[in-house]
Amino acid sequence: MLRVSLLSLCLSVVAVASFAAAPVKIKDVAPGADLVLEADAKIKALEEALSSADKYQEAKAGPLGRDAGVLAALSQAIVESEEKPAWKAAAADVRDGAIAIGNAKSFEEAKKGLDAVKAAAGGTAAGAKPEAEWNKLGKLGAVMKEVNARNGKLRRAVRKLPEKDEELAQTARDASVLAVLALATHDDTHEVKNDADKPLWQQQSKDFQKEMTAAAAAFKAKDLAGAKKAFDAANKACNECHKKFRDKE
C-alpha cells in the first residue's frame with residue numbers, strides 16, 4: 001500500500017512538473033509591469049466591444065476574438081512571471097474569463113466572461129488553477145492578426161524612433177507583446193502537417209520571441225540600430241516560417 005501511495009505521489013509530481021508551461025522563463029521574455037499595462041488595455045477594448053449587444057455583433061466578426069486571445073496569453077504570462085506584477089494572484093481568473101469571451105456564442109455569455117475578467121483584475125480571485133496550455137489560450141489565426149498589426153507599428157518605429165517618451169514606451173510594449181505571443185505560437189503546432197517539422201516551427205517561434213524581447217529592450221534604451229537589428233532578425237524568422245508552413249498552402 002505504501003509503495004502504491006508513493007508511486008501515485010511521484011506520478012502526480014511529474015504531471016505537474018511536465019505541464020505545458022512557457023518554453024522560456026517569463027522574466028526573460030517581457031517585464032511583468034508591461035504585461036499588466038497591455039492586459040489592462042485589452043480589458044478596456046473588450047469593455048468597449050461588449051458595451052452593448054450591437055457593438056458585440058460588430059466586434060464578433062472583428063477584433064473580439066483577437067483581443068480575448070491576446071488577453072488570455074498576457075494573463076498566462078503574468079501567472080507564470082517570476083516577478084510580482086499587479087493582480088498576479090488573480091491573473092489565472094482573468095485568463096479564464098478571456099477564454100470564455102473568446103468562446104462565447106452569445107452577448108450574454110461574453111458579458112459573463114467580461115464580468116469575471118473585471119472582478120479578477122480588480123483583485124477578486126475565484127481560484128482558477130494557474131496551469132494552462134499555451135496552445136489553447138486563443139485561436140492562432142486571431143493571434144496572427146495581432147502580430148501583423150503590432151509588427152506594422154514596429155516597422156515604422158525602426159525607420160524613425162517615436163519622439164515622445166510614452167510613444168516610445170508603447171513601442172517597446174508592442175515588441176514585448178509579440179514576444180509573449182510567440183510563446184503561444186510555439187505550442188500551437190496544429191498547422192504543422194509533418195511531425196518531423198515541429199522542432200523547426202518551435203525553434204522559429206523561439207527565435208522570433210528572443211529577437212522581439214531584444215527589440216523591446218533596444219526601444220527602451222532609444223537604441224535605433226539595436227531595435228532595427230532585432231526587428232529584422234525577428235521578421236526573418238517569421239518569413240522563413242511562413243515560407244515553410246504557410247506559403248505552400
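Let's start with Thr189 and the residues it meets. Setting aside neighbours within four places in sequence, Thr189 is in contact with Lys198, Trp201 and Gln202. Thr189 itself sits in the loop between H8 and helix H9 (198-220). Being in a loop doesn't put Thr189 out in the open here: its relative accessible area is 13%, and because buried means under 20%, Thr189 counts as buried. Keep in mind that this is a predicted model.

**Two helices to look at**

H8 leads into that loop, and H4 makes a good partner for it in a table.

| Helix | Residues | Span, first to last C-alpha | Expected span at 1.5 Å a residue |
|---|---|---|---|
| H8 | 23 residues | 34 Å | 33 Å |
| H4 | 17 residues | 25 Å | 24 Å |

So how many residues of H8 are buried? The count is 18 of the 23, so H8 is largely enclosed by the rest of the structure. H4 has 14 of its 17 residues buried, so H4 is largely enclosed by the rest of the structure too.

**The nonpolar core**

In soluble globular proteins, nonpolar side chains tend to be buried together. Here, the largest nonpolar core has 72 residues, and the ones touching the most other members are Trp134, Val180, Met212 and Phe219. H8 provides the largest share of this core, with 11 residues. Take Met212 as an example: leaving out neighbours within four places in sequence, Met212 is in contact with Asn151, Leu154, Ala175, Leu178, Ala179, Phe231, Ala234 and Asn235.

**Empty spaces**

Rolling a probe the size of a water molecule over the atoms shows where empty space is left. The structure holds 2 cavities of 30 Å³ or more. The second largest cavity has a volume of about 70 Å³. Trp134 turns up again here, as one of the residues lining the second largest cavity, with Gly69, Ala73 and Asp188 also among them. Helix H4 (64-80), helix H7 (140-157) and helix H8 (165-187) each give at least two residues to that lining. Sorted by class, the lining of the second largest cavity has 6 nonpolar, 4 polar and 1 charged residues.

Then there's the largest pocket, with a volume of about 420 Å³. Helix H3 (53-60), H4, H5 and H7 are the elements that give two or more residues to the lining of the largest pocket. Of the 22 residues lining this pocket, Gly65, Arg66, Gly102, Asn103 and Lys139 lie nearest its centre. By class, the lining of the largest pocket has 10 nonpolar, 6 polar and 6 charged residues.

**A glycine in H5**

Gly97 belongs to helix H5 (residues 91-103). With 3% relative accessibility, Gly97 counts as buried. Gly97 and Lys112 are 15 residues apart in sequence, with their C-alpha atoms 8.0 Å apart in space. Not counting neighbours within four places in sequence, Gly97 is in contact with Gly113, Ala116 and Val117.

**Two positive phi angles**

Trp87 isn't a glycine, yet it has a positive phi of about 45 degrees. You'll find Trp87 in the loop between H4 and H5. Lys222, also a residue other than glycine, has a positive phi near 60 degrees. Lys222 lies in the loop between H9 and helix H10 (224-245).

Are these two buried or exposed? Trp87 is buried, with a relative accessible area of 13%, whereas Lys222 counts as exposed at 53% relative accessibility.

Definitions and conventions
Residues are numbered from 1 along each chain as its sequence is written. This is a predicted model: local features need pLDDT of at least 70, side-chain atom pairs count only at pLDDT 80 or more; totals for chains, interfaces and linings use all residues. Side-chain values use heavy atoms; hydrogens and water are left out. On a 1 Å grid over the protein atoms alone, a cavity is a set of points where a 1.4 Å probe fits but cannot get out, and a pocket is an open set with protein on both sides within 12 Å along at least five of seven lines; lining residues have an atom within 4 Å of a point. Grid points are joined across faces, edges and corners, and a volume is the space filled by probe spheres set on the points. Helices (H or I, at least four residues) and strands (E, at least two) are DSSP runs, numbered from the N terminus. Ala, Val, Leu, Ile, Met, Phe, Trp, Tyr, Cys and Pro count as nonpolar, Asp, Glu, Lys and Arg as charged, and the others, Gly among them, as polar. Buried means under 20% relative accessible area, exposed over 50%, partly exposed in between (1.4 Å probe, protein chains only). Contact means heavy atoms within 4.5 Å. The expected span of a helix is 1.5 Å times one less than its number of residues. A nonpolar core is a set of buried Ala, Val, Leu, Ile, Met, Phe, Trp, Tyr and Cys residues joined through side-chain atoms within 4.5 Å.
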